[in-house]
Each structure stands twice: as structure tokens, then as C-alpha cells.
Amino acid sequence: MDRPSARGGDRGGEVVPALRASRVRLTLALTAVALGCGLAAYPLADAGRDRPALLPLAGLGLLGLLFSLAGSTPMLAVALVGLGAELVVHQLATGSPAAAAIGYGAGLLLVAELVRWRVALPPAALVDREAVRRRVETLGATTAVGALAAAATLLGGGVASGSALAAACVGAVGAVGLLGLARILLAR
Amino acid sequence: MTRTVSRRAGVYALTSALALLLGLVLGSPALAALGAAFAAWLAVAFACVRAPEATVTLTCAVERAVEGERVPATLEVSSHGAGELELLLTLSPGIALAQGAPHLILAPGDGPRSLPLVLVAERWGAYRLGEIVVRARDRFGLVAFHARTEPGLALRVYPRPERLPRPIRPLETQPYAGNQVARVKGDGIEFADIRPFVRGDRVRRINWRASARRGETYVNEAHPERNSDVVLFLDSFAEVRAGAGGTLDRAVRAAASLARAYLDRRDRVGLVGFGGVVRWLTPSTGRTQLYRIVDALLETEVALSYAWKGIDLLPPRSLPPQSLVVALTPLLDERSVLALLDLRARGFDLVVVDVSPLPFAAVGGDDLDRLALRLWPLWREALRHRYERLGVAVVEWTDRPLAEAIEEVRSFRRYARRASG
């Protein structure tokens, strides 16, 4: 009981330069909402008569986005479907080029990743700056993968052998991809 | 190590399947492109998943600490194959984190990392330092691997002793040398009286001045310095707790303080834990005994028991004759109340420190509760008077320092001695 207390000073180890998770969560939420609004606004920007059809879809997408930011995973699917449907309806109505789907698909993927990162981050935790840097890099890679995949699909769909055949090819590639994915899931 | 796949894998799979199917049906390349983005991400993410290896250990600089002391600790983290590590350190109640974060998200580096923490021991006790939950995620955060490690690290937190400059003087002393001036006469330093010289007295004890005045040889008598036996009687039948404090906490702190004070005076100190579990330590002296007592105090807890227990359960050696018994009790359980009366009836020099539960009692909302709270102190006061009538020094110890309560006991005993003399 009379032992002297442990000495202070340098005892080795490293101090982790950390960020408060609450601030990171706020940044992620704001970024996701801003990006979601941008994606919702893009088809509306040059909408004509199809605006009344697009507005509910944009609203549904943004509502789903807000609910998913609050932690609901099913609402993330609603947000993705709503925003994706808005672009497709716009393209079907106006016949605008499909190339926009490259950026739009990558954007949707990015929004989804931001939302899930925000939800998975515990509010009371401290986050290593290096971990945040890595996550940002991963988000960049995610966007690139999404854009590349969308571009590759559009390139495949652009093969001049009739639109029905192209669509069939796209569907076949998608089906093969899904089967492969299911196999990977089952194998693990 | 358990594994969970992120729920967003299902959302992405559903989205991509829906988009690809509708793209096929509607002949829309844009829809197919949207679906392909998600499908490709899933394929890449799953292809990158590897089972990580992570090792997390918590090391502590000391094994023993005193209440309120800050204890440096280190969290050693090493991992291989993880994209991100999430650590959640759950400490045992009574141990808190003074510096560092209990919940940390790390990017594992190339080698092992050591993160300094500072723990603070808030309450006495013997602790295992809690558990660490490790969650390792892959680079894309798709699959999480969970593991739970129980640190085998033990930390003993001793109660912070209060300084007692003048502990209670026992009425009787033992035959061994100590710091206590005995009431009997013998060889010692403290002058007691003079008496006529008898054969066998030492010449150096002759009081020449008194001998010259009285015309015959007188010698000085002295009080010898002896030690005494002190038994700390800790009542653990019941306690009243509120928030982080309680009567048992205070009683254990007081017992540690008293043990330290008496052992510093070279007295023999024993311990009797009287409650649902009865335990005892026979009186002994020295620094080893102090640690023995404090270690025994750390394991004190209130164990519910309906069995009737009396002093007869205790072995005679745990309560030596002519010992001072200092009882630390909240006077809540009839068994301990009657056991103390029994001790007094057997002639033990008894002191009762009433660790008052009143500061920890919650006030009820209705009139009946308020009436009960007014009657309870009166009932307790009557009980204390019952002890006083038997010549037992009893003091109510509330929020004031223990030294004050002890001083009150000392003055009571001084007064009682004069009254009986």
C-alpha cells in the first residue's frame, strides 16, 4: 500500500492521431445527402413533360436515403431503386444518351457506400486518421470499379448486332455474373 | 472467430439483379449498366476477402494499485490481412479509462502497434480487466470477423487508507513489547509511582531524592510499553448502496485504515468478516499481516444468507482474550446486532462504528415512505443507546472523516472510565 505510484513520462507506445467518429459520421452524412441530391437533380435538370413522373421517384429516392442514413438497410435499397428508376424513366422518355449511366451508376454506388460507412461507424469511437485515409481510397476504388463495369456494359450493349441481341448479351453477362457471385458466396 | 457478411451485400445483389433483369426486359442498356456497377463491386469485394489474423493483448504496468491511482497500460495490436480493425475495450465496473479511447478504429500497419492507455481504479477490489472485442473487416468492409478476448490480467485495487493519528486505545495490553503504555506497572520508561525498596530491585531504579526525604530507600515504578490485540469486526450481512458508494465500501476503507494504524504501532491485528460468508484472520503483526488483511478485505462482499449465525461460529483464536474489538457495521441485520451484544456480554472491549446507511437511503415519494425515513433514524439512535448503556462506545459515522469518529470514541471511553472510577 506504500508503494510509490508509477512514474509518468514516456512509456513507449504510440499515440494514435484520431478523429471523433461523430464528426466523421456528420461529414459522411452531409456528403451522401449532397451527392444524393445531385443524382436526383440530374434527370430533373433537363426534364420536360416527364417531370411529374420524375419528381415522385426523386422524392422516394431521397426519402430512402434519409431513412437509410438513420440506419435502415432496406431503405437503402429503396433509395437506390428510386434514384436508378428516375434516370431510366428520364432516358426512356427523352431518349438521352445512355453514357450518363456510367457516372450515375458509380455515383449511386458511392452514395450507398457512404451511407453504409456512416451507419457502421460507432458514434463514440475514435477513428485513426490512417483508417479514414484508407477508406477514402477504397471509396475511390469503388467508384472506379462501378464506372468501369458500367462502361464495359454499355460498350458491350453497343455492339451493332441489333438491340435485342445486345440486350440479350447484357442479360447473359449479368446472369453469369450473378451465378458467379452466388458461387463465391456459397464457397465462403 | 465468427464471420458476418454486411447486409448491404444483399441490397447490392438485389439492386443489380433487378436492374439487369429490367434492362433485359425493357432493352435498356442504362439499366444494365447500373446493375453491372453493383454486381462488379460485389465480385471484386468478395474476391478480396481474406480471413485476417489479429492479436490483441492488454498489458498493465502494475498488478496492485490503490484506489484513485492511475495505472498505465498498453494495448498491443498486431494483425495480418485485415483492412480495418475495430477494438472495443469493456472494462470491469470499478476500473475506468482515464486516458485513451475504449472504442477505437484502426488501420493496421505493417508491424505490431502498441497503444498507451491509462486506467484509473475507482473502487477497491480484485479485478479482471474486462474483455476486448476485436472486429476485423476486409478492405471493402463487406465481411467482418469478430473475436472476443478475455484478458487474464488481474489488478488488485487496495482501499485508500485514511490517516488516523490517534487510533482507539485498547483498555488491556498483551505481554509483548509494543508502543502502547500499559496500565500495569513494570519495566518501562513512563513514570508510574514510587514504592519502598525490596530485595531484587535494581540500584539504578532507586529514587535518591525520595529516599533522602523519607529516610528509607524508595524505587521508581514505570508503565511498560506493550502491544495489544485488535480485532476488526466487519459486518457484511447487508449494505445500502447508492450510485458508486455504499456502506460496505466505507466499512472496508475504514477497516484498512484501522489495520494500518494499529500495525504501525506494532499491535497484533486480526479480522473477522461476519456475514453470509464468515471468514477470519487470527491476529498477527507486521507488514505481511497488513497485506493479508487487505487481501481478505478485497474479497468481502454481501452474500445473502438466511442462516442464523452467532459468535459461536468463530474459532477462539480469532478473538483473543483482552482484545479490543472494533466493529464496523451499518447495524442493519439483527444477527450482527445480537452478535455484538454477545461479544460485550463475554467481556470484550468493544467499540462500534456505525457506518450510517442514511446518506445512501433514497427518499420515497409518498407520505408513508417519508414517515418511515423519519422513524428509521430514531430507531437507530435507540439501538445505539442500547449499546451505550452496556458501556460500549458507539459512534455514528456519516460523511465526516474517520479520524473524527475515532476521536469521538476516544473521548467517550475517557469519560466512561472516569465515571466508573
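This report covers the fold of chain B, a few of its elements, and some single residues.

## Overall picture

The model is predicted. Chain B holds 8 helices and 24 strands. Of its 421 residues, 51% are buried. Contacts reach far along the sequence: among those with a separation of 6 or more, 72% link residues 24 or more positions apart. The exposed area of chain B is about 19,900 Å². Carbon and sulfur atoms supply 53% of that area.

No disulfide appears anywhere: the count over all chains is 0. Two cysteines can be placed by accessibility. Cys37(A) has a relative accessible area of 36%, so it is partly exposed. Cys60(B) has 18%, so it is buried. The cut-off for buried is under 20%.

## Strand S23 and its partners

How many of the 7 residues of strand S23 (residues 349-355) of chain B are buried? The count is 7 of 7, so the strand is largely enclosed by the rest of the structure. In a regular strand the side chains alternate between the two faces of the sheet. S23(B) can be read this way. Asp349(B), Val351(B), Val353(B) and Val355(B) point one way, while Leu350(B), Val352(B) and Asp354(B) point the other way. Both sets are buried.

S23(B) has a parallel partner in strand S22 (residues 324-329) of chain B, with 6 bridges between them. Within this pairing, Asp354(B) of S23(B) stands opposite Thr329(B). The connection from S22(B) to S23(B) passes through helix H6 (residues 334-345) of chain B, and this β-α-β crossover is right-handed.

Strand S24 (residues 393-397) of chain B also runs parallel to S23(B), joined by 5 bridges. Here the bridge partner of Asp354(B) is Glu396(B) of S24(B). Asp354(B) thus has a partner in S22(B) and one in S24(B). A further right-handed β-α-β unit is made by S23(B), helix H7 (residues 367-389) of chain B and S24(B).

## Two helices

The table sets H5(B) beside H7(B).

| Helix | Residues | Reach, first to last C-alpha | Expected at 1.5 Å a residue |
|---|---|---|---|
| H5(B), 287-298 | 12 residues | 17 Å | 16 Å |
| H7(B) | 23 residues | 34 Å | 33 Å |

The reach of H5(B) is close to the expected value, and that of H7(B) is close to its own.

Which residues of H5(B) are buried? They are Gln289(B), Leu290(B), Ile293(B), Val294(B), Ala296(B), Leu297(B) and Leu298(B). These residues pack against several elements of chain B. The strands are S9 (125-128), S12 (154-158), S17 (229-236), S20 (268-275) and S21 (279-284). Helix H4 (247-264) is another packing partner.

In H7(B), the buried residues are Arg380(B), Leu383(B), Arg384(B) and Tyr387(B). Their cover includes H6, S23 and S24 of chain B. S23 and S24 are also the strands of the β-α-β unit that contains H7(B). Just after the helix, Gly391(B) takes a positive phi of about 85°.

## Positive phi outside glycine

Arg266(B) is not a glycine, yet its phi is positive, at about 65°. Its place is the loop between H4 and S20 of chain B. Is Arg266(B) buried or partly exposed? Its relative accessibility is 46%, so it counts as partly exposed.

Leu331(B) also has a positive phi without being a glycine, at about 55°. It lies in the loop between S22 and H6 of chain B. That loop belongs to the path from S22(B) to S23(B). Leu331(B) counts as buried because its relative accessibility is 2%.

## Leu117 and its surroundings

Leu117(B) sits in strand S8 (residues 113-121) of chain B. Its relative accessibility is 5%, so it counts as buried. What is in contact with Leu117(B), leaving aside its neighbours within four places in sequence? The partners are Leu58(B), Val71(B), Pro72(B), Ala73(B), Leu75(B), Leu89(B), Leu97(B), Gln99(B), Gly100(B) and Ala101(B). One of them, Leu97(B), is 20 residues from Leu117(B) in sequence, and their C-alpha atoms are 7.4 Å apart.

Key. Residues numbered from 1 in each chain as written. Chains lettered and ligands numbered in written order. Predicted model: local features only at pLDDT ≥ 70, side-chain atom pairs only at ≥ 80, totals over all residues. Heavy atoms only, no water. Helix = DSSP H or I, 4+ residues; strand = E, 2+ residues; numbered from the N terminus. Expected span 1.5 Å × (residues − 1). Buried < 20%, exposed > 50% of the residue type's maximum accessible area, 1.4 Å probe, protein only. Contact = heavy atoms within 4.5 Å. Areas by Shrake-Rupley, 256 points an atom, 1.4 Å probe, with all protein chains shown as cover. Pairing = 2+ DSSP bridges. Right-handed = clockwise from strand over helix to strand, strands pointing away. Disulfide = S-S within 2.5 Å.
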